[in-house]
Amino acid sequence: MLRLIGSETLNVARRSYASSAVPTTKMFVDGKFVESKTKDWIDLHDPATNEVVTRVPKCTQAEMQHAVESAKNAFKTWSQTSILTRQQIMFRLQHLIKSNMSELAKNITKEQGKTLVDAEGDVLRGLQVVEHCCSIPSLQLGETLPNVAKDMDTYSYTLPLGVTAGITPFNFPAMIPLWMFPVAITCGNTSIIKPSERDPGATMMLMEMLNEAGCPPGVVNVIRGAHDTVNFICDHPDIKAVSFVGSDQAGKYIYERAGRNGKRVQSNMGAKNHGVIMADANKENTLNQLAGAAFGAAGQRCMALSTAIFVGEAKNWIPDLVERAKKLKVNAGHVPGTDVGPVISPQSKERIHSLIQSGIDEGAKCSLDGRGIKVPNYEKGNFVGPTILTDVQAHMKCYKEEIFGPVLVCLNANTIDEAIEIINKNPYGNGTAIFTTNGATARKFVNQIDVGQVGVNVPIPVPLPMFSFTGTRGSFLARHFMSGL
């Protein structure tokens with residue numbers, strides 16, 4: 001039987017189901033959950049019902065300043081803590097996350113909308129980063145070269161920076177924070193985390209686990225808010241580095257503003273990931289993988305396979321792909337058997353609808369239209385059914401913009417060279433995949449494509465934490481994630 005952690009955050013999650021009073025989401029400072037004194041709040045809605053789940057504060061300047069001072073003070077002792085002590089905390093945190101995975105998944109589904117299966121995958125990928133951090137004594141080895149000159153040896157050390165910060169998106173409320181604070185603190189830094197205001201609960205549960213794992217107060221603090229909170233992080237002189245995952249506009253803004261203030265920045269931004277389907281591919285396997293990669297997590301992931309390029313006769317497979325997509329079950333994320341949950345907000349749903357219509361207006365064919373879907377008992381939810389646009393051209397808005405919904409845009413190409421040219425001309429370079437049984441074709445694709453992460457018969461080529469997350473071009477600015485260990 002799994003032992004559930006105690007306390008305030010899980011109780012808040014339960015109250016949100018059972019109580020008519022709307023609970024508030026707290027900050028986490030000095031190892032304690034703290035109620036904000038702000039007068040400015042953000043309502044968080046369940047995407048499946050649009051009922052208010054909790055209210056998230058926009059922290060005051062004084063509250064955010066206190067969080068940084070706490071992290072700065074904690075750094076003085078934490079940076080001198082033995083690396084084996086930090087390793088042991090990661091071992092305990094790993095055990096607690098693994099033991100409470102289902103509770104974390106339930107919270108993610110309630111606040112973010114993804115299916116329970118997707119939510120557990122969200123937690124699992126973050127857990128793998130924590131497990132990687134358990135290898136910190138080996139990962140933090142320095143370098144030594146004796147006798148570089150007469151009577152001279154050279155040593156290099158890896159030293160912590162100080163207070164770091166993470167700004168996380170809504171689509172992976174467990175995985176992305178776990179990309180950030182475990183790596184930062186295991187290396188001896190302290191951390192300020194600003195979770196998305198749309199789904200803060202998973203981070204709060206992780207803070208409970210971090211407390212139980214024995215992490216000292218102030219080593220990780222959590223603040224709340226939106227634009228003003230981002231500006232605070234970018235501007236504060238005691239914050240030495242900023243990690244961000246999210247949209248293009250926000251990522252470029254954070255990179256430029258934080259960079260002007262002399263901070264190290266990681267900025268993982270937009271994507272338009274292409275899958276190339278060759279006619280020699282295994283048809284059944286390829287179509288199954290396409291459907292999962294395009295429509296899983298309601299398409300709300302930066303590594304979603306949102307664009308398919310059918311090469312030559314492979315375009316004849318599109319009707320079969322449409323039939324597979326029609327069979328996917330759209331419902332609230334907690335309902336058993338659900339394949340596609342709601343998108344995050346009514347605004348997101350409206351934008352997705354608009355981009356679908358723009359494709360039709362510009363000449364694309366809507367082979368499967370998910371805009372009119374009605375989900376019984378969840379009529380007010382933000383649901384978009386699987387949608388497939390075919391005969392898409394590279395000049396169309398639906399191709400040029402990241403839709404971030406359960407929409408697959410399909411292009412045609414006559415040759416593998418033409419497909420490669422289409423992908424390399426696209427401004428984004430997060431991930432791509434090719435489906436083929438021909439080794440020479442796969443090798444040609446891997447060697448000529450200008451994209452950070454490439455899959456061969458792997459639709460979402462996300463690396464494990466021992467490798468860098470290596471988007472290129474318009475998808476990434478500055479250092480890659482996991483590469484700093």
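**Group meeting talk: a walk through a predicted model**

Let's start with strand E3, residues 41-45, which has two faces: Ile42 and Leu44 are on the covered one, while Trp41, Asp43 and His45 are on the uncovered one. Before I go on, please keep in mind that this is a predicted model. If you look along E3, you'll see the general rule at work: in a regular strand, side chains alternate between the two faces of the sheet.

Who does E3 pair with? That would be strand E4, residues 52-57, running antiparallel to E3 and joined to it by five bridges. To find one of those pairings on your screen, go to Trp41, whose bridge partner in E4 is Pro57. The two strands make a hairpin with six residues between them, and in that hairpin Asn50 has a positive phi near 65°.

Now, stay with the covered face for a second, and bring in Glu197. This residue is in the loop between strand E8 (190-194) and helix H8 (201-212). Along the chain, Glu197 and Ile42 are 155 residues apart, yet their C-alpha atoms are separated by 7.4 Å. Leaving out residues up to four places away in sequence, Glu197 touches Ile42 and Leu44, plus Val56, Gly225 and Ala226. Is Glu197 buried or exposed? Somewhere in between: its relative accessible area is 23%, so Glu197 counts as partly exposed, given that buried means under 20% and exposed over 50%.

Next stop, helix H5, residues 116-133. How far apart should its ends be? With 18 residues at 1.5 Å a residue, the helix should span 26 Å, and its end C-alpha atoms are indeed 26 Å apart, so the two agree. Plenty of H5 is buried, including Asp118, Ala119, Asp122, Val123 and Gly126. Further along, the buried list goes on with Leu127, Gln128, Val129 and Val130, then His132 and Cys133. As for what covers those buried residues, the list includes helices H3 (83-99), H4 (101-112), H6 (136-139) and H7.

Asp122 takes us to Phe172. You'll find Phe172 in the loop between strand E7 (163-167) and helix H7 (175-186). Its relative accessibility is 14%, so Phe172 counts as buried. Setting aside residues up to four places away in sequence, Phe172 touches Asp122, along with Lys114, Pro177, Gln300 and Arg301. Phe172 and Val245 are 73 residues apart along the chain, with 9.7 Å between their C-alpha atoms.

On to the nonpolar cores. In soluble globular proteins, nonpolar side chains tend to be buried together. Here, the largest nonpolar core has 61 residues, and the members that touch the most others are Val276, Leu290, Phe310 and Val392. There's also a second, separate core of 44 residues, and Leu96, Leu178, Trp179 and Val219 are among them.

Let me pick out Val392. Not counting neighbours within four places in sequence, Val392 is in contact with Ala364, Cys398, Tyr399, Val409, Cys410 and Leu411. Cys398 turns up again with Ser358, a residue in helix H13, residues 346-361. With a relative accessible area of 12%, Ser358 is buried. Beyond residues up to four places away in sequence, Ser358 touches Lys397 and Cys398.

Val409 and Cys410 lead us to strand E16, residues 407-413. Why call this strand largely enclosed by the rest of the structure? Because six of its seven residues are buried. Strand E13, residues 307-311, pairs with E16 in the parallel sense over five bridges, and Ala308 has Cys410 as its bridge partner in E16. Strand E15, residues 387-390, is also parallel to E16, over three bridges, with Leu389 opposite Val409.

Last topic: the empty spaces. The largest pocket has a volume of about 1000 Å³. Its lining has 33 residues, and the closest to the pocket's centre are Phe170, Arg198, Gly246, Ser247 and Ala250. Which elements each supply at least two residues of that lining? They include helix H9 (227-235), strand E10 (239-245), helix H10 (248-260) and H13. H10 gives the largest share, five residues.

And then the closed spaces: the structure holds six cavities of 30 Å³ or more. The second largest has a volume of about 100 Å³. Of the 14 residues lining that second largest cavity, Gly299, Ala304, Ser306, Glu402 and Phe404 are the closest to its centre.

That's the tour, thanks for listening.

Methods:
Residues numbered from 1 in each chain as written. Predicted model: local features only at pLDDT ≥ 70, side-chain atom pairs only at ≥ 80, totals over all residues. Heavy atoms only, no water. Helix = DSSP H or I, 4+ residues; strand = E, 2+ residues; numbered from the N terminus. Buried < 20%, exposed > 50% of the residue type's maximum accessible area, 1.4 Å probe, protein only. Contact = heavy atoms within 4.5 Å. Core = buried A, V, L, I, M, F, W, Y, C linked by side-chain atoms within 4.5 Å. Pairing = 2+ DSSP bridges. Expected span 1.5 Å × (residues − 1). 1 Å grid on protein atoms, 1.4 Å probe; cavity = no way out; pocket = protein on both sides within 12 Å on 5 of 7 lines; lining within 4 Å. Points joined across faces, edges and corners; volume = space filled by probe spheres on them.
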